[in-house]
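Here is a short report on one protein model. Keep the sequence and the 3D view open as you read.

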Amino acid sequence: MQRAVFRVRQHYRYTYTGPVWDLHQRLVMIPRDLHLGQRLLQHDLSVRGTEGDHRLTWERDGFGNRVARVIAHRVPQAIDLEAVFRLERTSTSALLDPPPWRTDAERLAYLRPTALTAPDKRLIDAALDIAHRSADAAERAELAQRWTATSIAYRFGVTGYSTPAAMALHLGMGVCQDYAHILLSILRLLNVPARYVSGHLIGEGAPHAWVEAFIERAAGAVEVVGLDPTHSRRTRLDYLTVAVGRDFADVSPTSGTYSGPAQGRLAATKQAEIIELDSGTGAAVA
């Protein structure tokens with residue numbers, strides 16, 4: 001397929017044991033207008049369940065992600081946050097000139113370890129082994145992806161969003177964000193700048209996470225290579241990017257605070273589907 005259009009619906013519901021007030025929510029649920037071969041065609045974000053008026057504002061973070069801020073005076077029982085958007089995808093990789101950083105300091109942001117990607121001895125040893133096997137950055141990235149894909153077993157409920165890469169590796173189990181954090185740790189040890197990607201695959205379920213490695217070419221250009229260690233493959237046309245950052249902490253889809261003694265419970269659903277395909281010989285509507 002040379003081109004595809006996708007529709008995504010993502011819904012979060014916070015249910016509280018009693019009324020809450022002064023609710024502040026940060027949402028990273030809507031993609032930026034353009035990302036490599038991806039273009040945002042239409043989007044809507046709805047907020048339901050507040051008492052009285054609520055305020056919804058938009059901003060960009062330091063990585064260019066589209067961020068929504070919701071402020072509600074009072075929520076009697078539950079608040080629903082629903083994003084619906086359509087995306088067009090035409091490619092899975094890109095050669096960027098200039099690169100996605102303007103200064104050496106910005107480039108270092110994709111090389112320095114974070115709290116979630118700090119390496120331990122096992123990660124350092126893995127990076128050293130890959131470094132001895134190849135000096136080519138692109139080959140190193142592929143070897144790091146293959147190593148990560150077999151480093152842990154996929155298991156839901158063992159790790160959480162705040163689990164560091166080294167801990168997931170020690171446990172031997174995790175989910176997509178753990179695979180991504182492990183791969184980021186190794187790539188950065190190999191001096192390959194890389195970023196965390198939050199987005200969606202087709203179907204229902206939770207959001208997905210993968211990695212984009214920056215392969216630095218001649219004359220300052222950078223090739224962006226998408227790597228999905230959870231499935232041990234490069235990303236494809238059906239990988240839908242919502243946000244990018246240094247690790248999960250930069251791109252958490254929903255986070256916030258509220259006042260009151262009530263406790264909250266989060267429920268989430270997602271549906272991503274193809275609504276149009278074009279193989280180059282003509283378009284077909286799904």
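## Helix α5 and its residue I182

I182 sits in helix α5, which covers residues 176-189. The model is a predicted one. Is I182 buried or exposed? I182 has a relative accessible area of 0%. The cut-off for buried is under 20%, so I182 counts as buried.

What does I182 touch, apart from its neighbours within four places in sequence? The contacts are L123, W147, T148, S151, I152, A165 and L169. E59 is not close by: the C-alpha atoms of I182 and E59 are 30 Å apart in space, and the two residues are 123 apart in sequence.

Now take the whole helix. Of the 14 residues in α5, 13 are buried, so the helix is mostly covered. Its length can be checked too. At 1.5 Å a residue, α5 should span 20 Å. The C-alpha atoms at its ends are 20 Å apart, which agrees. After α5 comes N191, with a positive phi near 65°.

One general point helps when you look along any such helix. An α-helix has 3.6 residues a turn, so residues three or four places apart point the same way.

## Helix α3

Helix α3 runs over residues 137-149. Its 13 residues reach 18 Å from first C-alpha to last, close to the 18 Å expected at 1.5 Å a residue.

The N-terminal end of α3 has a cap, D136. A side-chain oxygen of D136 lies 3.2 Å from the backbone nitrogen of A138.

Which residues of α3 are buried? They are R140, A141, E142, L143, A144, Q145, T148 and A149. What do these buried residues pack against? Their partners are α2 (121-133), α5, β13, β14 (222-228) and β15 (233-234). T148 is buried in α3, and T148 is also one of the contacts of I182.

## Strand β13 and its residue E212

E212 is found in strand β13, residues 208-216. Its relative accessible area is 5%. That is under the 20% cut-off, so E212 is buried.

The side chain of E212 makes polar contacts. One is with the side chain of H35, at 3.1 Å. Another is with the side chain of R195, at 2.7 Å. Beyond four places in sequence, the contacts of E212 include H35, L36, P193, A194, R195 and V197. Also among them are V224, V225, G226, T241 and V244.

## Two residues that are partly exposed

W58 belongs to strand β5, residues 51-60. S232 lies in the loop between β14 and β15. W58 has a relative accessible area of 39% and is partly exposed. S232 is partly exposed as well, at 40%.

Residues up to four places away are left out of the next two lists. W58 touches I30, L45, R66, V67 and A68. S232 touches Q145 and A149, both of which are buried residues of α3.

Each residue can also be placed against a distant one. W58 and A165 are 107 residues apart in sequence, and their C-alpha atoms are 31 Å apart in space. S232 and N191 are 41 residues apart along the chain, with 21 Å between their C-alpha atoms.

Here are the four residues side by side.

| Residue | Place | Relative accessible area |
|---|---|---|
| I182 | helix α5 | 0% |
| E212 | strand β13 | 5% |
| W58 | strand β5 | 39% |
| S232 | loop between β14 and β15 | 40% |

## The two largest pockets

How much space lies in the largest pocket? The volume is about 640 Å³. The lining of this pocket has 31 residues, and F156, Y161, Q177, A206 and P207 lie nearest its centre. Elements that give two or more residues to this lining are β1 (3-16), α5, β11 (194-200), β13 and β18 (264-278). The largest share, 5 residues, comes from β18. By class, the lining has 16 nonpolar, 13 polar and 2 charged residues.

The second largest pocket has a volume of about 350 Å³. Its lining has 15 residues, and R32, F63, P100, Y110 and R195 are the closest to its centre. This lining divides into 9 nonpolar, 2 polar and 4 charged residues. R195 links back to β13: its side chain makes a polar contact with the side chain of E212.

Note on methods
Residues are numbered from 1 along each chain as its sequence is written. This is a predicted model: local features need pLDDT of at least 70, side-chain atom pairs count only at pLDDT 80 or more; totals for chains, interfaces and linings use all residues. Side-chain values use heavy atoms; hydrogens and water are left out. Helices (H or I, at least four residues) and strands (E, at least two) are DSSP runs, numbered from the N terminus. Buried means under 20% relative accessible area, exposed over 50%, partly exposed in between (1.4 Å probe, protein chains only). Contact means heavy atoms within 4.5 Å. A polar contact is a pair of N or O atoms within 3.5 Å; within protein, one must be able to donate a hydrogen and the other to accept it, and residues adjacent in sequence count only if both atoms are side-chain atoms. The expected span of a helix is 1.5 Å times one less than its number of residues. On a 1 Å grid over the protein atoms alone, a cavity is a set of points where a 1.4 Å probe fits but cannot get out, and a pocket is an open set with protein on both sides within 12 Å along at least five of seven lines; lining residues have an atom within 4 Å of a point. Grid points are joined across faces, edges and corners, and a volume is the space filled by probe spheres set on the points. Ala, Val, Leu, Ile, Met, Phe, Trp, Tyr, Cys and Pro count as nonpolar, Asp, Glu, Lys and Arg as charged, and the others, Gly among them, as polar.
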